[in-house]
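Dear colleague,

I am passing on the structure we spoke about, and below it you will find my notes on what I found when going through it. Please read them with the structure open beside you.

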Amino acid sequence: MFSKKEIIKGCEIVYKTMPPTPQIAWPLLQKEIGTEVWVKHENHTPIGAFKVRGGLTFMDWLNQCQHSSRGVVTATRGNHGQSIARAASKFGKVCKVYVPKNNSHEKNKAMKAFGAELIEYGIDFDMAKEEAQRVAKDENLTFVPSFHQELVRGVATCAWELFIEVNDLHTVYVPIGCGSGVCGMIAVRDALQLKTRIVGVVSERAQCAKLSVERGSFISTNEAETFADGVAVRVPVQEALDHYAKGVERIVSASESEIMLAIQCIFRTTHNVAEGAGAIGLAGLIRERAQLQGKKVGFILSGGNIDMEKFRQVLSGEVPMFN
């Protein structure tokens, strides 16, 4: 998907406004899992999630293209919206963000703080996306999808940092929502000609990516009701699916209870806060840990933006309800 030169250029754009994030092998976590585990801390970015990287490269590309629209519009469950709002403000662009009516209140507040005009529409992400696409045409705004070549180039810089700093990773576990994160990971792995296995992880309640890869055809689901809102997608992105279907070793699913326990594990062993989608990679790793003993593995802690009430429930041993 990208050459090393293109990825390095992406790094240059990203590092103008944020430093690389750390990758850490926490001793307590390794003791609990039973093997060497590296955590890529994307919860340490300026928006608390990996998506910030793609917003920067996308808006830089849009500016280079000299698009005539007065601004951008997108749909999100939260982290993508924060990324686009933050990047749009740096380029003096209007930014409208559509979210479903049941969206995280705290992520909504964060998007507004970054300059977004927030509009609630529909009952899930896919309905909000359809409305955002309609508004883009009516109001001369550029629609920013959740998957785009330039978004992937930005988030690929996360994988670049991990693979450059940590040698000989056997397997890396990556969340799959719309697919930019896993495709960025595959792109860097291939550009560096590494043998690292990449395993995608989805929620048992949002399995469109897993079902589509396993059946070899485009499969959407009727709902995606998981508290891991960053992976709550019921309709795959075809362009992303075309990439990760070829590049992943496999896709595994995690139950709501397993995601809850993974958030607890991260906090207990590293004192980092993870949202549901941020911990789902570890949930997948824990499910497969018996086959990983003696191997160097990693997972992407893709975000830490969990509502305080949900985090309280998790620490109390409760599985948060889908909003």
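Which residues does Met185 touch, if those up to four places away in sequence are not counted? In this predicted model, Met185 touches Ala159, Phe163, Val172, Val174, Ile198 and Ile300. Met185 also belongs to the largest nonpolar core, which has 33 residues, and together with Val172, Val182 and Tyr244 it touches the most other members of that core. The elements that give two or more residues to this core are helix 1 (4-14), helix 7 (149-165), strand 7, helix 8, strand 8 and helix 10 (238-247). There is also a second, separate core of 32 residues, which includes Leu29, Val37, Val199 and Ile259.

Two of the contacts of Met185, Val172 and Val174, lead to strand 7, which spans residues 171-175 and has 5 of its 5 residues buried. Both faces of this strand are covered, with Thr171, Tyr173 and Pro175 buried on one side and Val172 and Val174 buried on the other.

As for its partners, strand 7 pairs in the parallel sense with strand 8 (residues 197-203) over 5 bridges, and here Thr171 stands opposite Arg197. Between these two strands the chain crosses through helix 8 (residues 180-191), in a β-α-β crossover that is right-handed. Strand 7 also pairs in the parallel sense with strand 10 (residues 296-301), over 3 bridges, and in that pairing Val172 stands opposite Gly298.

With best regards

Definitions and conventions
Residues are numbered from 1 along each chain as its sequence is written. This is a predicted model: local features need pLDDT of at least 70, side-chain atom pairs count only at pLDDT 80 or more; totals for chains, interfaces and linings use all residues. Side-chain values use heavy atoms; hydrogens and water are left out. Buried means under 20% relative accessible area, exposed over 50%, partly exposed in between (1.4 Å probe, protein chains only). Helices (H or I, at least four residues) and strands (E, at least two) are DSSP runs, numbered from the N terminus. Two strands pair if DSSP finds at least two bridges between them. A crossover is right-handed if, with the strands pointing away from the viewer, the path from the first strand over the helix to the second runs clockwise. A nonpolar core is a set of buried Ala, Val, Leu, Ile, Met, Phe, Trp, Tyr and Cys residues joined through side-chain atoms within 4.5 Å. Contact means heavy atoms within 4.5 Å.
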